[in-house]
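This report covers salt bridges, a buried acid, backbone outliers and empty space. Please read it alongside the model.

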Amino acid sequence: MSKDPERQKKKEASIRGILLREMIKDVTATQKGHAFQTGELRKHPKEPPWKCPPSYVREIVTTDQFDMEYYYPVENARNKVILQLHGGGYIGPMKNAYRRFSIMYSKCGNGCHVLTIDYRVAPEYPYPAALVDAVTAYRWLLEEKEYDPLDIVIGGDSAGGGLALGLCHYLKDHEMPLPAGIVAMSPWTDLALTGESYETNFENDPLFGKTKDSMIYNCPYLTCEEDRTDPYVSPLYGDFTGFPPVLFQVGDQEMLLSDTLLASEKAKEAGVKVKTSVYEGMFHVFQMGLHLFPESRQAWEEVHKFLNKMWK
């Protein structure tokens, strides 16, 4: 474990977590698994209609460019809100897994509201479409729903985690109020791919390892003209001064491990309150396991504690 009290190395991986990791490796070794790595399976997901839990209300909010889904409990809803920015490498649209994330975020926030957005994705809509949509959603919370910024937390996983941090760079640069906090699960913070874990975990990462054909190396979100070190694209390269507290979570088997560690260190050096948890043996966005195995349960409990601290 690191001597840094704000960076915690979690205990040895559970048997169930290890089994799931190895199952993922077996799947990605197949032709269908390779299609997942490249992002082909993400572009047009075939899923059954989402069934919202009966204890929750789901409202569809339509904008000129994209749709949003607004969730809150039928009873005892809390006047706080999480803006959820889903992952998917900037090429995958909203999926039921992220709708389940919305409900989990609400429960972690003791019945808070959640706005999750089906932002525009590449290749049809490259940068800055996702960022523009995230800004639109944040403005909607401020202007239409009249939330106090301190009652808003932005949460995101993978590309959505990077987008959450990039959004805050944009808000700060444009003198807009910042949220109370940020939850960044395995955030993609460096589209220039400079971190050492892109090499050290190349053989270990069960989702994106052992191939240069993956969406990590071939992201259509950026055209050749875009600067991969632009903070709105790769928030690692921005100035974190003035940012709200951030909870970073990442698995130590991820190729994106460095994206979390470098961004969290830079934020801490800028005076930001940061908690960084590295889960031993875990893979990219292992939090999708929800309650299925110990590491995912522990990660969501961390989110619960973080939100309670933000919203005392």
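## Cavities and pocket

The model is predicted. The structure holds two cavities of 30 Å³ or more. The largest cavity has about 60 Å³ of space. Its lining is made up of 11 residues. Ser-158, Phe-208, Met-215, Ile-216 and His-284 lie nearest the centre of this cavity.

The second largest pocket holds about 380 Å³ of space. It is lined by 15 residues, with Lys-273, Lys-275, Phe-306, Lys-309 and Met-310 closest to its centre. Strand S8 (246-251), strand S9 (274-279) and helix H9 (294-310) each give two or more residues to that lining. H9 gives the most, with five residues.

## Salt bridges

Side chains of opposite charge can pair when their charged atoms come close. The structure holds seven salt bridges. One of them joins Arg-99 to Glu-69, with the closest N and O atoms 2.8 Å apart. Arg-99 lies in helix H4 and Glu-69 in strand S3, so this pair ties together parts that are 30 residues apart in sequence. Arg-99 counts as buried, at 12% relative accessibility. Glu-69 is buried too, at 8%. A network of salt bridges links Arg-58, Glu-69 and Arg-99.

Lys-80 and Asp-151 also meet in a salt bridge, at 2.6 Å from N to O. Lys-80 sits in strand S4, and Asp-151 in the loop between H5 and strand S6 (152-157), so the pair ties together parts 71 residues apart in sequence. Lys-80 counts as buried at 18% relative accessibility. Asp-151 counts as buried at 16%. A further salt bridge runs from Arg-120 to Asp-133, whose closest N and O atoms are 2.9 Å apart. Here Arg-120 is in the loop between S5 and H5, while Asp-133 is in helix H5, 13 residues apart. Arg-120 is buried at 15% relative accessibility. Asp-133 is buried at 1%.

## A buried acid with no salt bridge

Which side chain of opposite charge is nearest to Asp-190? It is Arg-228, 8.3 Å away. The cut-off for a salt bridge is 4 Å, so a separation of 8.3 Å does not qualify. Asp-190 is nevertheless buried. Its side chain makes a polar contact with the side chain of Thr-194, at 2.5 Å.

Asp-190 belongs to the loop between strand S7 (181-185) and helix H7 (197-200). Leaving aside residues up to four places away in sequence, Asp-190 touches Gly-195, Tyr-198, Ser-234, Leu-236, Tyr-237 and Asp-259. Asp-259 is thus one of the residues that Asp-190 touches.

## Cis peptide bonds

The peptide bond from Ala-122 to Pro-123 is cis, with omega near 5°. Pro-123 lies in the loop between strand S5 (112-118) and helix H5 (129-144). Another cis peptide bond joins Tyr-127 and Pro-128, where omega is about 15°. Pro-128 is also found in the loop between S5 and H5.

## Positive phi

Where does Asn-76 lie? Its place is the loop between strand S3 (67-73) and strand S4 (78-85). Asn-76 is not a glycine, yet has a positive phi of about 55°. Asn-76 is exposed, with a relative accessible area of 71%.

Asn-110 has a positive phi near 55° as well. The loop between helix H4 (96-108) and S5 holds Asn-110. Asn-110 is partly exposed, with a relative accessible area of 40%.

Notes: Residues numbered from 1 in each chain as written. Predicted model: local features only at pLDDT ≥ 70, side-chain atom pairs only at ≥ 80, totals over all residues. Heavy atoms only, no water. Helix = DSSP H or I, 4+ residues; strand = E, 2+ residues; numbered from the N terminus. Buried < 20%, exposed > 50% of the residue type's maximum accessible area, 1.4 Å probe, protein only. Lys, Arg positive; Asp, Glu negative; His and termini not counted. Polar contact = N/O pair within 3.5 Å; in protein donor to acceptor, adjacent residues only side chain to side chain. Contact = heavy atoms within 4.5 Å. 1 Å grid on protein atoms, 1.4 Å probe; cavity = no way out; pocket = protein on both sides within 12 Å on 5 of 7 lines; lining within 4 Å. Points joined across faces, edges and corners; volume = space filled by probe spheres on them.
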